[in-house]
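Welcome! Here is a short tour of a pocket and of two residues with unusual backbone angles.

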Amino acid sequence: MPECAFCQIVSGESEASRVFQDEHSVAFLDSRPLFAGHLLLVPREHYEVLADLPSHLLEPLFSNAQLLCRAVEKAMQAQGTFVAINNKISQSVPHLHIHIVPRNKKDGLRGFFWPRNPYRDQEHMRSTAVRLRKELERLS
């Protein structure tokens, strides 16, 4: 889907702070993060919602999500993670994506009214991506 922002990231047409990729999926920093380290994991092929994803891709996609949860917790020194998938409603890009968000008690998230905490600058985004990549290398 040439007009899909995430397909453009997967193909390399658009820039993103990638932290993980394999033959099935790509993970990159959310450009509008809830907290530093907030990742989006997308399948390489274009599927709009979870129901569209072929069953043979479920295991590799969610195994990668599990790996990324571990990496986010360690790299960001988080107490846990929040993992979410929007299907159509609140889905700003119509390409299946899994949010993996570092969480700590009393971090300010309440319900679904989430304040955005942007990266301070490009260097903050870059250094966050480096931390996550290093932890993924250690876990792999």
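Helices (H or I, at least four residues) and strands (E, at least two) are DSSP runs, numbered from the N terminus. This is a predicted model, in which local features need pLDDT of at least 70 and side-chain atom pairs count only at pLDDT 80 or more, while totals for chains, interfaces and linings use all residues. Residues are numbered from 1 along each chain as its sequence is written, and side-chain values use heavy atoms, with hydrogens and water left out.

**Two positive phi angles**

Lys88 sits in the loop between β4 and β5 (98-103), and Gln77 in the loop between α2 (58-75) and β4. Neither Gln77 nor Lys88 is a glycine, yet each has a positive phi. Both are exposed, meaning over 50% relative accessible area (1.4 Å probe, protein chains only).

| Residue | Phi | Relative accessible area |
|---|---|---|
| Gln77 | about 50° | 66% |
| Lys88 | about 70° | 57% |

**The largest pocket**

A pocket is an open set of points on a 1 Å grid over the protein atoms alone, where a 1.4 Å probe fits, with protein on both sides within 12 Å along at least five of seven lines; lining residues have an atom within 4 Å of a point. The largest pocket has 26 lining residues, and Asp30, Arg32, Ser92, His99 and Arg116 lie nearest its centre. At least two lining residues come from each of α1 (5-11), β2 (25-29) and β4 (80-84). The volume of the largest pocket, the space filled by probe spheres set on the points, is about 550 Å³.

Definitions and conventions: Buried means under 20% relative accessible area, exposed over 50%, partly exposed in between (1.4 Å probe, protein chains only).
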